[in-house]
Structures are given as C-alpha cells and as structure tokens.
Number of protein chains: 2
Amino acid sequence: MLPAAACRRKAPRVKLGKCQRRSPKLKGKELLLTPGPVQVPWSVALAGARPFPHHRSQDFNELLRSIDHKLKQVFRTEGTILYFAASGTGAMEACMVNLMRPGEQAIVVAGGKFGERWDELAQAFGIEAHVLAVPWGEAVRPEELAELLAQHPQARTVFTALFETSTATAYDIEALAQVCRTAGALLVVDAISGLGAIPLETDAWGVDVVVGASHKALQTPPGLSFVALSSERAWQQVERAGMASYYWDFRRAKEKLFFTPYTPAVSLLVQLNESLIGLLAEGLECIRARYERYARATRAAAQALGLEVFSHRPGAVCTALQMPPNVDATQVVELLRERYGIWVAGGQQQLKGQIIRIAHVGDITPQELIGTLGVLELVLRELGYSCRLGAGVAQALTVLEDAGPTPATASDGGK
Amino acid sequence: MLPAAACRRKAPRVKLGKCQRRSPKLKGKELLLTPGPVQVPWSVALAGARPFPHHRSQDFNELLRSIDHKLKQVFRTEGTILYFAASGTGAMEACMVNLMRPGEQAIVVAGGKFGERWDELAQAFGIEAHVLAVPWGEAVRPEELAELLAQHPQARTVFTALFETSTATAYDIEALAQVCRTAGALLVVDAISGLGAIPLETDAWGVDVVVGASHKALQTPPGLSFVALSSERAWQQVERAGMASYYWDFRRAKEKLFFTPYTPAVSLLVQLNESLIGLLAEGLECIRARYERYARATRAAAQALGLEVFSHRPGAVCTALQMPPNVDATQVVELLRERYGIWVAGGQQQLKGQIIRIAHVGDITPQELIGTLGVLELVLRELGYSCRLGAGVAQALTVLEDAGPTPATASDGGK
C-alpha cells in the first residue's frame with residue numbers, strides 16, 4: 001500500500017553508533033502490520049511448501065468444495081462464490097465486466113483510493129459513473145446514496161467498499177443495502193480488506209455481490225480473489241449485461257465451479273484451506289472481537305499520546321493515526337521499518353506524510369500489538385514529538401485487561 | 001489438463017486383494033508428470049513457506065528486478081517483461097485486449113485446444129479471426145501462414161502457440177517469425193508450456209510478444225503469468241490499439257514495472273526466484289538437453305512397445321502416445337494414478353480416450369522417467385495389451401546410456 005517513493009531510505013535524524021544498527025547482513029525478524037498482505041500463521045506458511053493436487057483431480061475438487069463450505073461462512077452467504085487466480089483488483093474488474101454494459105450508468109461511492117478504483121474501472125470500461133464523493137475519513141451516509149439514486153433513475157448498480165482501506169473507514173453496508181433494495185438497485189461491495197473483520201451479513205442484508213481476497217483477514221499470501229453472488233437478480237444482471245470477457249466470465253466460472261475454468265493457483269488454495277480451518281476453529285466471532293479489541297487498544301494508546309484517529313468511523317481492519325503537525329508520517333513509517341523491522345503503512349495520495357496505518361488483521365498476538373505501540377512512542381520521541389514513555393502502552397493494556405484475557409492467536413486450529 | 005470426467009474413479013478390471021490396494025488413509029507419494037502443473041523442486045516448494053516482503057518495499061523491488069534479470073535469459077529477450085497475478089489464460093487475454101481493437105482482423109493458428117483458446121478469446125472480444133486450422137498432431141506450415149496473410153491483408157497480427165500442449169506438438173517459430181516479418185505482421189506466441197523447453201529465440205527471431213507462465217518448465221506452482229514485449233512495434237501497437245482494460249493494462253504495468261500496479265502474488269514470486277536460481281545454475285541448455293533426452297527415451301520405449309507417437313513434430317515438453325485400438329487411454333491414466341500414484345494427462349476433446357501425455361518438464365529424475373515407463377508396461381498388460389515386460393524400458397535406458405551420464409536434476413542449484 002505504501003507508495004513507491006516511501007521505499008527510499010532516508011537517513012534517520014539520529015546518527016547511529018556501531019551497536020545501534022540492525023545487521024545489514026542478517027535479515028532480521030519482520031512484523032507485517034500493513035493492511036494487506038498480513039502476517040500469515042506458520043501453519044499456513046508451511047502449507048505453501050506442501051505437494052499440491054493436480055487441478056483436474058478429485059482431490060482438487062474436494063479441496064475447493066471444502067474451501068467453499070468454509071468460505072461461505074466467512075462471506076455469510078449461501079450463494080455462489082467464484083474463484084480467480086488474480087489479486088483483488090482483478091475480481092473488481094470481473095464485477096465491472098460481468099455486471100455492466102458500456103454506456104450504462106452506475107453509482108460509485110468514492111471516499112478514498114479504493115472507492116476511486118471503482119470509478120477508474122468504470123471509466124476504463126465506458127461506464128457512466130455518478131460518483132458519490134465522500135470526504136476522506138468519513139463514511140458514506142445512506143441518505144446521500146438514496147438521493148443520488150433518486151437523481152439518476154437509470155443508474156441501478158451501486159459499487160462501494162465495505163472498509164475503505166486508504167482512510168481506515170468502515171461503511172454501514174446494512175444501511176446501504178436497505179437503500180439499494182428500496183431503490184431497486186444492485187449492490188456490489190468491495191470487501192477485499194474488510195471481509196472477516198468488519199460486520200457483513202451478505203444474505204441477511206441483501207447484498208448482491210461481494211468481492212474478497214486472500215491476503216487480508218483470510219491471512220493467506222496474495223494471489224487469490226473471490227466474487228460471491230448471493231442473489232438471483234445478480235445472476236439475472238450477469239445474463240442481461242456482461243461485456244467482452246473470457247478470463248473473468250462469471251458464467252464460465254459457474255459452469256466449472258469446483259474446478260475453475262483455467263489453471264487455478266493451487267498452492268495458494270491449499271494455504272487458504274489451512275487458514276480457514278484455523279479461523280473457524282478460533283471462531284469468526286472471536287476473531288472479529290480480537291481485531292476490534294486491538295483497534296480499541298490502538299485508539300486508546302493514540303489518545304493518551306495526543307494523536308488523533310484519522311477516521312470518523314474507524315473499523316477493525318486497521319487504524320489510521322494522524323501524525324502531529326511537525327512529524328512526517330513517512331519518517332515514522334521508515335523508522336519503524338528500518339530500526340525495528342515493523343511494517344506499517346503510510347498514507348496514500350493526499351494523505352501521504354499525514355497518517356500511519358496499523359493493521360489489526362492477520363496473525364498478530366497481543367504482545368506484538370503492545371510492543372509495536374511501545375516502539376511507536378520511541379519513534380515519535382526520536383522525531384521530536386513530546387510524549388511520556390509508556391503512556392500509550394498503559395492505555396492499550398488497560399483496554400486489553402478490561403476486555404478480559406486475550407488469547408494469543410489460536411489460528412493454527414490448536415495444532 | 002484432464003477433463004473433469006476423467007476424474008471419476010472407475011473400477012479397475014482386476015479385482016484387488018487386501019495387500020494390492022494403495023492405502024486409502026495415508027496419502028502416498030505422487031509423481032506429477034502432467035504438462036503443467038509440474039513437479040516443483042523441494043527448494044522451490046520450501047520457498048513458498050518463507051516470510052515474503054511487502055510488495056511496496058525496496059526488498060520486493062529488488063526481488064522482482066532479480067527475477068526479471070534471470071527470466072529475460074529464459075525468454076531470450078532484452079525487451080520488457082510484464083508480470084501478472086493470473087494463470088496463463090489471463091496473460092493471453094491481456095495480449096488480446098492490449099494489442100487489438102474490436103472489429104479488427106487477426107490470424108489465429110489453431111492446431112489443438114490452446115490454439116483454439118486464441119480463437120475463443122478473439123471471439124469473446126469481437127475480433128474477426130481468420131483461423132489457420134492445423135490438423136491435430138501436425139505442426140503449422142509456414143507457407144500456409146504466408147498464404148493466409150496474403151489473403152487477408154487487413155489481418156496483421158498473428159496468434160499462435162510455441163508448443164501445442166493438447167497434441168504435444170512443437171511449432172517452428174523461427175520460420176513463422178520470418179513469414180510475419182516479410183508480411184509486416186506482429187507475432188504473438190503463447191509459450192506457456194514451451195518456454196524453457198522448446199527452442200525460442202525471441203529477440204534473434206524477431207518474435208514481438210511472448211506469453212509465459214510459472215507452472216510449466218519454470219517449475220513453480222501456478223498463479224503467475226508473464227508477457228514479454230520485445231519489439232518497438234509491439235509497443236506501438238499497444239499505443240494504437242488497446243481495448244477497455246485495467247487489470248491487464250500493459251501501459252500501467254510498464255509504468256510500475258518492478259512493483260506491478262496491483263498486489264502481486266508475492267510468495268509465488270519468491271518461489272519463482274528460487275526456481276530460476278536453480279535453472280540458471282544447471283544451465284538452460286543443459287535443462288533443455290535433459291528434457292529432450294527424456295522425450296527421446298520415451299519415444300524409444302513407445303516404439304519398442306508398438307505404440308505410436310501421436311505428434312508429427314514432437315517436442316520436449318511432453319510426449320503424446322497413441323494407445324492401441326483396444327485400450328482406453330482414460331483407463332491407462334486412471335490405473336497409473338490410482339494404482340501407482342503417477343499423474344499423466346489424457347487426451348482433450350476429440351483425443352479423449354485416444355492418447356496419454358507424459359510430461360518431461362519439471363523436477364524429474366532419470367529414475368522417475370524409467371520407473372514410469374516400466375509401470376506403464378504393467379498397466380498396458382493389465383488392460384489386455386500384449387507386450388514383453390522390460391522391452392520399452394530397455395530402449396529408454398539405451399537412449400540414456402548413448403547420451404552419456406544424465407545427472408539427477410541439479411535444479412536446486414547444488415545447495
């Protein structure tokens with residue numbers, strides 16, 4: 001998620017002595033707290049080294065059926081999940097080309113970089129998109145969507161995110177789905193980062209189409225994405241609309257449902273299966289509770305340090321913290337990474353240099369969260385920001401204590 | 001590659017006693033001799049379990065640059081290689097949407113299932129394809145391509161395969177490139193299965209665009225594909241043509257060359273890097289010589305057993321063997337798999353039940369080749385075909401002996 005420029009190594013302000021540098025020879029431990037890719041549990045990592053079945057075998061068919069059975073519990077749907085060897089943007093493109101026709105109108109909710117991606121996709125495919133521009137950091141308001149739908153009666157497809165990762169903002173999909181149902185519009189939700197971390201009741205709320213990917217709360221390496229079609233009218237729209245497509249063709253994918261039409265990324269699917277076993281063993285509710293606890297602890301630490309939470313409607317995927325005026329967020333990200341081996345994300349586009357984003361999804365223990373928040377205090381002070389050491393950590397610990405014992409991740413299924 | 005129906009377990013003709021069945025509980029060793037996915041070296045498999053760098057990091061940038069440096073030696077080009085999180089068909093689609101405009105004409109060489117895939121893609125995207133229909137098992141003749149190009153002066157883009165996997169037939173790309181250059185046509189080659197196994201001098205022969213994938217001779221799990229654009233006129237055509245696209249957009253991919261525009265399949269790239277290190281350490285020439293030796297040994301065994309090689313122009317990716325009239329190839333495939341844990345491919349479409357295809361690419365030792373050919377004799381006899389036990393193996397061994405010592409694969413780079 002970091003822009004390429006953020007990767008240039010700037011000299012830290014403090015001149016380091018001989019024993020104050022990380023070894024340049026040995027690659028030390030790194031902690032991935034970016035909002036995708038995330039920390040992968042060791043059992044999932046090792047599953048990537050296993051021999052994998054041929055994709056036209058009974059074994060593969062059983063693997064994908066087993067994944068599907070579990071993934072439906074995460075997607076909260078009894079509908080059809082289609083599997084793509086592609087990252088999330090590919091599955092978003094698949095929705096655009098299967099659900100729309102060139103020249104048709106659509107509504108796009110754009111409150112950050114990933115909402116804007118829907119708009120870019122619409123433009124690329126000749127869709128007339130009416131953009132509901134949401135100020136970055138705010139959540140879309142359902143009544144604004146209702147208004148826009150009323151203004152554009154020809155636009156009966158709505159594209160939105162569940163969690164706008166660039167601003168760390170969660171949207172109220174239940175309310176948006178209600179608006180769409182009233183207006184007779186189809187709702188397509190990019191849940192790539194939010195799936196499994198932000199409340200989403202696909203079937204119960206009447207969300208028609210949901211996009212997901214492997215490398216966020218599903219804690220698998222990147223390269224897999226999914227489209228869940230939960231409603232009859234979603235399939236009717238696929239039949240009615242649909243642009244030129246082949247690799248993304250939903251009908252073809254449905255025909256070869258538990259084989260996939262083209263060679264799938266089998267080893268990643270083996271890893272996904274391993275991860276889902278762990279996630280369901282821990283319990284999806286418990287996992288979400290853990291992510292939310294981490295988010296609350298992070299916000300409490302921020303408050304104690306005098307930092308503002310950037311989003312008006314934060315969610316459990318990651319927390320965006322506004323850096324103080326005289327602290328360059330890019331330097332915070334760099335120091336955390338270069339000095340301490342901790343990867344957090346900076347801001348994107350207009351938020352570059354303004355915020356840092358700390359992920360809560362993935363295989364993260366309470367110790368790793370607390371340690372990171374502590375090290376953040378060191379970094380802020382090194383960059384000239386005044387705060388009392390331990391103040392943030394103390395508040396974060398208080399949140400954890402109040403919530404009762406927080407187990408270390410049990411996402412390897414207790415094995 | 002096997003059609004789904006081939007996965008149904010048919011009862012073998014021989015009734016098995018208690019100690020003649022493979023354990024249903026323990027999943028035994030399997031040998032993947034299908035023409036993709038292939039046997040992955042252990043060092044590459046284990047690399048799939050490693051922590052991987054964030055895709056917006058300097059480390060990732062260096063990884064992809066290092067891959068690119070090595071992969072260019074396989075592609076035999078100094079041009080630009082674009083990287084996609086997708087299987088091979090995705091990269092084929094990418095070529096179609098970046099190089100063509102709807103309504104334009106093209107020439108498609110179709111001598112098997114994968115040539116036909118170019119035609120299906122052309123149809124899906126509204127391209128008027130003039131199909132050079134090559135009888136299955138034969139190679140396209142350059143003079144026929146020249147004729148078709150002369151007949152259709154508006155069709156200045158030619159889509160072909162390097163190795164038509166469905167018939168195990170290698171095409172003479174050098175001659176086809178010569179024809180294209182004379183006619184002023186752009187040549188796009190699907191080298192998904194052939195890359196690294198079949199001669200292809202991209203730059204020297206003037207091949208404009210080449211498609212590759214991770215899971216064939218590059219012996220990495222599936223989920224990565226590549227498009228190499230070697231010529232200035234290929235890029236000119238991208239500028240001039242190009243349909244609606246976003247995920248596949250070549251210009252966007254080129255802009256973010258060593259980062260990729262969207263989240264890449266990082267763990268698979270780590271594995272690809274490991275594999276390329278091994279392949280270059282063994283030497284690309286040596287590897288191709290090994291594959292060719294295996295193909296010759298397989299053909300020699302077939303001849304001794306009275307089996308015909310299906311293709312008129314076989315190549316080193318895999319060998320297609322015509323089964324005798326009274327032997328069902330599907331049963332041969334099933335028995336090899338169910339009884340002996342060896343995965344070979346059957347025939348596709350009209351070749352179903354007619355041929356078996358034994359792959360030579362991937363991490364395969366001489367012992368595995370010889371053992372497989374021996375077991376094939378057992379299976380043929382079990383299915384009622386009369387042949388002298390050891391006759392095929394003896395001829396295969398003779399080929400290996402005549403070629404001089406064949407080392408066990410050194411594709412882990414000697415580590």
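In chain A of this predicted model, strand 14 and strand 15 (residues 355–359) run antiparallel and are joined by two bridges. G346(A) stands opposite I356(A) of strand 15 in chain A. Strands here are DSSP runs of E with at least two residues, helices are runs of H or I with at least four residues, and both are numbered from the N terminus. Two strands count as paired if DSSP finds at least two bridges between them. Strands of a sheet pair through backbone hydrogen bonds, either parallel or antiparallel.

Strands 14 and 15 belong to an open sheet of four strands in chain A, with the order 11-12-15-14 and antiparallel pairing. Strand 11 (308–309) and strand 14 (345–346) of chain A stand at the edges with a single partner strand each, so one side of each has no neighbour in the sheet.

Strand 12 (residues 318–322) of chain A contains C318(A). At 0% relative accessibility, C318(A) counts as buried; the term buried means under 20% relative accessible area, exposed means over 50%, and partly exposed lies in between, with a 1.4 Å probe and protein chains only. Which residues are in contact with C318(A), leaving aside its neighbours within four places in sequence? They are P35(A), F163(A), T165(A), A168(A), R357(A), I358(A), A359(A) and H360(A), where contact means heavy atoms within 4.5 Å. P35(A) and C318(A) are 283 residues apart in sequence, but their C-alpha atoms are 6.2 Å apart in space.

Strand 9 (residues 209–213) of chain A is mostly covered, with five of its five residues buried. On one side of strand 9 of chain A are V209(A), V211(A) and A213(A), and on the other are V210(A) and G212(A). Strand 8 of chain A runs parallel to strand 9 of chain A, whereas strand 10 of chain A is antiparallel to strand 9.

In chain B, strand 8 (residues 186–190) has five of its five residues buried, so the rest of the structure largely encloses this strand. L186(B), V188(B) and D190(B) point one way from strand 8 of chain B, and L187(B) and V189(B) point the other way. The table lists the pairings around these strands.

| Strand pair | Bridges | Direction | Facing residues |
|---|---|---|---|
| Strand 8 (residues 186–190) and strand 9, chain A | Three | Parallel | V189(A) and V210(A) |
| Strand 9 and strand 10 (residues 224–229), chain A | Five | Antiparallel | A213(A) and S225(A) |
| Strand 5 (residues 157–161) and strand 8, chain B | Five | Parallel | T160(B) and V189(B) |
| Strand 8 and strand 9 (residues 209–213), chain B | Three | Parallel | D190(B) and V211(B) |

Taken as a whole, chain A has 14 helices and 15 strands. Its C-alpha trace spans about 65 × 55 × 40 Å along the principal axes. Buried residues make up 64% of the 415 residues in chain A. Of the contacts in chain A with a separation of 6 or more, 74% are between residues 24 or more positions apart.

Residues are numbered from 1 along each chain as its sequence is written, and chains are lettered from A and ligands numbered from 1 in the order in which they are written. Local features need pLDDT of at least 70, side-chain atom pairs count only at pLDDT 80 or more, and totals for chains, interfaces and linings use all residues, while side-chain values use heavy atoms and leave out hydrogens and water.
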